[in-house]
Amino acid sequence: METISSIAKRLNVTNGRIYQIIKEIPADKQPKKDVKGKYNFTKESVEAIENYYNSSSSPKTDNESDLVKQLRADLEDAKAEIKAKNNQIDKFQKLLDQQQQLNLSANRQNEKLLDTNTPSQDDSLLQNDHTDVSEPTKGNYKGVENKTPKKGLFGWLRR
């Protein structure tokens, strides 16, 4: 003896879907109800339900619930946003690479400037600057001058 539940389990659908299928199959193959209102399934009615279920196509997008439609739309929005973020990351990566190359180039130029042994005009002006040594006057001159020649801003690196 077949029941709605046993057919639903076998087809992996809900009991409500079995009731819908029963209403949609031809009247001559529908199961008959007994006095208590329960369906009495014959072999033909079970086969008709199974055939109808197997022949019906998968649920169409028209039958999808609003929640599923909203989730699909959200998923598409998320995909588009991820694509935009990936493009931004690529642009930032290129900018970072350019900045690193510029820093490397500037460092190389600074090293070349520091490695040159030829004093610049600024260095010769600074060597003639005596502001850190007090000039001898009549009262404080002891006969020995202690001058420290300046070698420029980066002179300490040349030692």
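How exposed is arginine 10, buried, partly exposed or exposed? Arginine 10 is partly exposed, with a relative accessible area of 43%. This is a predicted model.

## Salt bridges

Two salt bridges are counted. Arginine 10 pairs with glutamate 2 in one salt bridge, at 2.8 Å from N to O. Glutamate 50 forms a salt bridge with arginine 10 too, and the closest N and O atoms lie 1.9 Å apart. Glutamate 50 sits in helix H3 and arginine 10 in helix H1, so this pair ties together parts that are 40 residues apart in sequence.

The result is a network: Glu2, Arg10 and Glu50 are linked by salt bridges. Glutamate 2 is partly exposed, at 27% relative accessible area. Both values fall between the limits of 20% and 50%, so arginine 10 and glutamate 2 are classed as neither buried nor exposed. Side chains of opposite charge can pair when their charged atoms come close.

## Nonpolar core

The largest nonpolar core holds 13 residues. Ile4, Ile7, Ile18, Ile22, Phe41 and Ile49 touch the most other members. Three elements give two or more residues each: helix H1 (4-11), helix H2 (15-24) and helix H3 (43-55). H1 supplies the largest share, four residues.

Which residues does isoleucine 7 touch, leaving out those up to four places away in sequence? The contacts are Glu2, Ile18, Phe41, Val46 and Ile49. Of these, Ile18, Phe41 and Ile49 also belong to the group of core residues that touch the most other members. Glu2, another contact of isoleucine 7, takes part in the salt-bridge network with Arg10 and Glu50.

## Packing of H1 on H2

At what angle do H1 and H2 pack? The angle is about 100°, and the axes are 9 Å apart. An angle from 65 to 115 degrees counts as roughly perpendicular, so H1 is roughly perpendicular to H2.

From H1, the residues in contact are Ile4, Ser5, Ile7, Ala8 and Leu11. They meet Asn15, Ile18, Tyr19 and Ile22 in H2. By class, the contact divides into seven nonpolar residues, two polar and no charged. Ile4, Ile7, Ile18 and Ile22 appear in this contact, and they are among the core residues that touch the most other members.

Technical notes: Residues numbered from 1 in each chain as written. Predicted model: local features only at pLDDT ≥ 70, side-chain atom pairs only at ≥ 80, totals over all residues. Heavy atoms only, no water. Core = buried A, V, L, I, M, F, W, Y, C linked by side-chain atoms within 4.5 Å. Buried < 20%, exposed > 50% of the residue type's maximum accessible area, 1.4 Å probe, protein only. Contact = heavy atoms within 4.5 Å. Salt bridge = Lys/Arg side-chain N within 4 Å of Asp/Glu carboxyl O. Axes fitted to C-alpha atoms, helices over the stretch in contact; angles between N-to-C directions. Parallel < 35°, antiparallel > 145°, perpendicular 65-115°, else oblique. Nonpolar A, V, L, I, M, F, W, Y, C, P; charged D, E, K, R; others polar.
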